Amino acid sequence: MTLEIILVIVVLVAVFYFWRKEQEKKQLAFIENYAFSPVLLKRVHQKHNYLSDADMTKVIRALRDYFHICNQAKGKMVAMPSEIVDVAWHEFLLFTREYQQFCQKGIGRFLHHTPTEAMKSKTLAQEGIKRAWRLACNKEHIDPTFNSSSGSGYCVNDIGCISGNGGGWGGGGD
């Protein structure tokens with residue numbers, strides 16, 4: 001192979017890499033700035049009327065965070081670690097066209113929902129919650145292996161399978 005061909009390949013790889021990073025930035029900005037329907041918020045609040053406006057703000061913040069880590073998972077399954085956020089996600093799913101457009105613009109693919117009970121194996125749920133933990137820690141710039149309360153390391157391998165609803169599958173769990 002000649003030097004010119006190698007140089008062209010290197011330049012193409014670099015261009016693709018920077019283009020992909022720019023696309024990812026746009027997707028994350030879309031997730032961050034997305035205006036969820038007031039009807040969606042009303043429906044969540046009707047099901048959980050004990051939630052204050054501040055609580056609802058936290059639920060929507062956590063839903064954005066979940067979509068953010070699903071984007072970062074690069075198509076791998078991420079479990080939903082919060083029941084109330086899962087309720088918000090369920091309500092969003094009912095707005096099928098809006099949800100489909102959100103997924104395409106914010107994640108780059110349709111994010112399917114599979115309940116834990118429908119997974120192929122228990123270990124799939126465990127892997128998904130571990131991935132959710134690691135990506136959430138990464139998003140917040142937290143070392144996922146450090147436990148400040150005990151001063152010792154905390155290994156995400158110790159996280160067991162949770163009960164409740166499973167998360168969004170962007171890859172093999174579809």
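User: Buried means under 20% relative accessible area, exposed means over 50%, and partly exposed lies in between. Is Glu-32 buried, exposed or partly exposed?

Analyst: Happy to help, and please keep in mind that this is a predicted model. The relative accessible area of Glu-32 is 39%. Since values between 20% and 50% fall in the middle class, Glu-32 counts as partly exposed.

User: Which side chain meets Glu-32 in a salt bridge at 2.6 Å?

Analyst: Side chains of opposite charge can pair when their charged atoms come close. Glu-32 sits in helix H1, and its partner is in helix H3, 29 residues apart from it. That partner is partly exposed, with a relative accessible area of 29%. The side chain that meets Glu-32, at 2.6 Å from N to O, belongs to Arg-61.

User: Which residues are linked with Glu-32 in a network of salt bridges?

Analyst: One pair in this structure is Asp-65 with Lys-139, at 3.3 Å from N to O. Asp-65 lies in helix H3 and Lys-139 in helix H6, so this pair ties together parts that are 74 residues apart in sequence. Asp-65 is partly exposed at 21%, and Lys-139 is partly exposed at 23%. The residues networked with Glu-32 are Arg-61, Asp-65, Lys-139 and Glu-140.

User: How many residues apart in sequence are the parts tied together by Lys-74 and Glu-24?

Analyst: The structure holds 7 salt bridges, and one of them joins the side chains of Lys-74 and Glu-24 at 2.6 Å, N to O. Glu-24 has 11% relative accessibility and counts as buried, because that class covers anything under 20%. Lys-74 lies in the loop between H3 and H4, whereas Glu-24 is in helix H1, so the pair ties together parts whose separation in sequence is 50 residues.

User: Which helix gives the most to the largest nonpolar core?

Analyst: That core has 29 residues, and Tyr-66, Phe-67, Val-78, Trp-89, Phe-92 and Leu-111 touch the most other members. Helices H1, H2, H3, H4, H5 and H6 each supply at least two residues of the core. With 8 residues, the helix that gives the most is H3.

User: What is the area of the nonpolar surface patch that includes Ile-5?

Analyst: Ile-5 is found in helix H1, which spans residues 3-33. At 43% relative accessibility it counts as partly exposed, and it passes the patch cut-off of over 30%. Together with Ile-9 and Val-13, Ile-5 makes a nonpolar patch of about 260 Å².

Note on methods:
Residues numbered from 1 in each chain as written. Predicted model: local features only at pLDDT ≥ 70, side-chain atom pairs only at ≥ 80, totals over all residues. Heavy atoms only, no water. Patch = residues over 30% accessible without salt bridge, like charges linked within 9 Å, V, L, I, M, F, W, Y side chains within 5 Å. Areas by Shrake-Rupley, 256 points an atom, 1.4 Å probe, with all protein chains shown as cover. Salt bridge = Lys/Arg side-chain N within 4 Å of Asp/Glu carboxyl O. Helix = DSSP H or I, 4+ residues; strand = E, 2+ residues; numbered from the N terminus. Buried < 20%, exposed > 50% of the residue type's maximum accessible area, 1.4 Å probe, protein only. Core = buried A, V, L, I, M, F, W, Y, C linked by side-chain atoms within 4.5 Å.
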